[in-house]
Amino acid sequence: YDWNYSENAKLEQSFRISNYRRNYSVINKDNEIYKKDLTKEKDIEYEVMYTKSYPKFNLVYGMEFSRPEYISDRIIGGNQLFYQNGVFIQTDIDIFENIDFVTGIRVDRFQDTVVVSPRLAISYKSKNNLKFRGAYGSGFRSPSFMESLIDWEHVQFDYRVIGNQNLKPEVSKGLTLG
C-alpha cells in the first residue's frame, strides 16, 4: 500500500503472509522408500517506510517485522520459530549544489542478537558531469534455515547434514570509493 499524502511525503507499507507445504519421500540406496516426510514454511512479514522531501534534505525511515516458522522432520526439534525485527533511518542532505551527504543507521534484532549498522556517504558532482563518491557502511546477514536448523541423513549418498543453532549473524563492513 502506498499513500502519497502530499507532493513531498509518502508512506509505503507491505504485509505478506506465505505458506509453503511439500510432501516428499526419502529413497534409500536400494531404491525403496525409506520414509515419507512433510515440510512446511510459514512467514508473516510487515514493512512500513516513510519518505519526506524538504528543499535540501530528504528523510527516510521505517521498520520491518518478520516471524518465519519451519516445520519438518529434517530440522532440529521438528519445529522452529524465528523473530526478526529491524528499524532504520536515512538522511540525504544537499550540502551544496554539487555535494550530497548521506547518513543512516539500521538496528536489526535476530532472535537474541542485536546488530547496529551505520552508513555514511558523500558525493561530489563536477561541472563536466563526473561524479566522485565515497561510502562506508556495515551490515549483517542472518543465518539461513539450512545453516542453522537442518538435521537429516541423506540415505542415498550416505552422509549427514547437521545445522548449528548457535550461529550468529554475519557482520560486514565496507568502504567504497568511486
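Helices (H or I, at least four residues) and strands (E, at least two) were taken as DSSP runs and numbered from the N terminus. The structure is a predicted model, in which local features need pLDDT of at least 70 and side-chain atom pairs count only at pLDDT 80 or more, while totals for chains, interfaces and linings use all residues. Residues are numbered from 1 along each chain as its sequence is written, and side-chain values use heavy atoms, with hydrogens and water left out.

The protein contains 13 strands and one helix. Read from the N terminus, the order of elements is β-β-β-β-β-β-β-β-β-β-α-β-β-β. The radius of gyration, taken over C-alpha atoms, is 23 Å, whereas a compact globule of 178 residues would have a value near 16 Å (the globule rule is 2.2 Å times the number of residues to the power 0.38). Along the principal axes, the C-alpha atoms occupy a box of roughly 70 × 35 × 30 Å.

Of the 178 residues, 29% are buried; buried means under 20% relative accessible area, exposed over 50%, and partly exposed in between, for a 1.4 Å probe and protein chains only. The exposed surface of the protein amounts to about 12100 Å², of which carbon and sulfur atoms supply 53%. Accessible areas come from the Shrake-Rupley method with a 1.4 Å probe, and for residues only the protein chains shown count as cover. Among contacts (heavy atoms within 4.5 Å) with a separation of 6 or more, 46% join residues 24 or more positions apart.

The protein carries 24 positive and 24 negative charges, and the mean positions of the two sets are 2 Å apart. Lys and Arg were counted as positive and Asp and Glu as negative, without His and the chain ends; each charge was placed at NZ of Lys, CZ of Arg, CG of Asp or CD of Glu.

The largest nonpolar core has eight residues: Tyr70, Ile75, Phe82, Phe110, Phe145, Leu149, Ile150 and Trp152. Such a core is a set of buried Ala, Val, Leu, Ile, Met, Phe, Trp, Tyr and Cys residues joined through side-chain atoms within 4.5 Å. Within this set, Phe145 contacts Tyr70, Ile75 and Ile150, neighbours within four places in sequence being left aside.

Two residues of strand β2 were examined. Ile17 belongs to this strand, which spans residues 9-27, and is exposed, with a relative accessible area of 53%. Beyond four places in sequence, Ile17 is in contact with Asp43 and Ile44. The C-alpha atom of Ile17 lies 9.8 Å from that of Arg67, 50 residues away along the chain. Arg21 is also found in strand β2 and is likewise exposed, at 54% relative accessible area. With residues up to four places away excluded, Arg21 touches Leu38, Thr39 and Lys40. A distance of 6.6 Å separates the C-alpha atoms of Arg21 and Glu41, which are 20 residues apart along the chain.

Two buried strand residues were also examined. Thr91, in strand β7 (residues 84-96), has a relative accessible area of 12% and is therefore classed as buried. Outside its neighbours within four places in sequence, Thr91 contacts Phe57, Asn58, Leu59, Phe101, Val102 and Thr103. Ser138 lies in strand β10, residues 131-141, and is buried because its relative accessible area is 18%. Not counting residues up to four places away, Ser138 touches Val116, Ser117, Pro118, Ser172 and Lys173.
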